Amino acid sequence: MDFIRKILPMVYLINIRYQHVRGTSSRSFDWLQDVDGADRSYGPSLLTTTELYLVICLLGCSNTAKCKAATYNNGTGECNCLERKTGMTSQLGNRLWNRHFDGFLYNAQLEWHIGLFLNIQKTQAEAESFCGTLEGRLVVLDTDEKLNYFTGLSDYQAGRFIFVGSTDEETERSFVWSNGANLTTNWYTNEPNHYRDENCVAIYHSAFIDISCASICDFACEIV
Ligand SMILES: [Ca+2]
Ligand SMILES: [Ca+2]
């Protein structure tokens, strides 16, 4: 109950609207969860902003005896309390409520879910598509903090080639992360060497190399 007492006043500080009309947005999702499936023990400091909103929505609904489930739209901020269980929980919503994505690690300080896939090598396009099916993208290592955390993972193996989310496909020799940031540092010795069709980026021995997008490599995704 302490968590509920701490968190419920925040309902009035953020733009969550309880209503029964679903909004639509091209980058939004409806998250669905039955109320008794929610883990209420997480403190706000452990949650990303979106996750916090989701939990507040669910806890707000669970305070009403009639409500058995909730949906939350992260694009419109709409929280819908449902009067009966749906009998179904969206896989993605369920993962968010519980902060656990299958195969993903969570760095609370960086508010970052990342997954390192070492046993299902793919081309860069296949890897990007795979990450997309998880509502994510190839990992963006655009800060030293993220690079250091990533290369410090217990599963990280320095000698492998791991696709990350940057290419120079738009402008040759100008590498850009998928979030728009430029990639200019932490290159491996003599890389990028711009050999033939090397337009994609992999991490190798904790530094970046340009590599053919058609190479079959390990890869890492992040949830966005
Ligand atoms: Ca290139
Ligand atoms: Ca190269």
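**Warm-up.** Which residue in S4 is the bridge partner of Tyr72? It is Cys79. We will come back to this pair of strands in Exercise 4.

**Before you start.** This is a predicted model: local features need pLDDT of at least 70, side-chain atom pairs count only at pLDDT 80 or more, and totals for chains, interfaces and linings use all residues. Residues are numbered from 1 along each chain as its sequence is written, while chains are lettered from A and ligands numbered from 1 in the order in which they are written.

**Exercise 1. Get an overview of the chain.**

Step 1: Find the helices and strands. The protein chain has five helices and twelve strands. Helices (H or I, at least four residues) and strands (E, at least two) are DSSP runs, numbered from the N terminus.

Step 2: Look at burial. A residue is buried if 20 or more other C-beta atoms lie within 10 Å of its own, exposed if 12 or fewer, and partly exposed in between, with C-beta atoms placed from the backbone. Of the 224 residues in the protein chain, 31% are buried.

Step 3: Look at confidence. pLDDT is the predictor's confidence in each residue, from 0 to 100. Its average over the protein chain is 76, and 67% of the residues score at least 70. Over residues 39-43 the pLDDT stays under 50, and over residues 91-100 it is below 50 too.

**Exercise 2. Explore the largest nonpolar core.**

Step 1: Learn the term. A nonpolar core is a set of buried Ala, Val, Leu, Ile, Met, Phe, Trp, Tyr and Cys residues joined through C-beta atoms within 7 Å. In soluble globular proteins, nonpolar side chains tend to be buried together.

Step 2: Find the best-connected members. The largest core has 27 residues, and those touching the most other members are Leu138, Val139, Ile162, Phe163, Val164, Ala202 and Ala220. Elements that each supply at least two residues of this core include strand S6 (112-122), helix H4 (124-133) and strand S8 (162-167).

Step 3: Zoom in on Phe163. Two residues are in contact if their C-beta atoms, placed from the backbone, lie within 7 Å. Leaving aside neighbours within four places in sequence, Phe163 is in contact with Gln124, Ala127, Leu138, Cys200, Ala202, Cys217 and Phe219.

Step 4: Look for another core. A second, separate one has 13 residues, among them Ile56, Cys61, Cys67 and Cys81.

**Exercise 3. Work out how strand S8 is enclosed and paired.**

Step 1: Check burial. Six of the six residues of S8 are buried, so this strand is largely enclosed by the rest of the structure. Ile162, Val164 and Ser166 point one way, and Phe163, Gly165 and Thr167 point the other way.

Step 2: List the partners. Two strands pair if DSSP finds at least two bridges between them. S8 pairs with S10 in the antiparallel sense over four bridges, and with S12 in the parallel sense over two bridges. Strand S9 (residues 176-177) also pairs with S8, antiparallel over two bridges.

Step 3: Follow Ile162. Its bridge partner in S10 is Ile203, and its bridge partner in S12 is Asp218.

**Exercise 4. Trace the hairpin of S3 and S4.**

Step 1: Confirm the pairing. Strand S3 (residues 69-73) and strand S4 (residues 78-82) run antiparallel and are joined by four bridges.

Step 2: Look at the turn. The two strands form a hairpin with four residues between them, and Gly77 in the turn has a positive phi of about 75 degrees.

Step 3: Check burial. Four of the five residues of S4 are buried, so S4 is largely enclosed by the rest of the structure.

**Exercise 5. Find the two sides of helix H4.**

Step 1: List the buried residues. They are Gln124, Ala127, Glu128 and Cys131.

Step 2: Look down the axis. The buried residues of H4 fall within an arc of 100 degrees (the arc of the directions from the helix axis to the C-beta atoms), so they line one face of the helix. An α-helix has 3.6 residues a turn, so residues three or four places apart point the same way.

Step 3: Turn to the other side. Here Ala125, Ser129, Gly132 and Thr133 are exposed.

Step 4: See what the buried residues pack against. These partners are S6, strand S7 (136-138), S8, S10 and S12.

Step 5: Finish with Gln124. With 26 C-beta neighbours inside 10 Å, Gln124 counts as buried. Beyond neighbours within four places in sequence, Gln124 is in contact with Phe163, Cys200 and Cys213.
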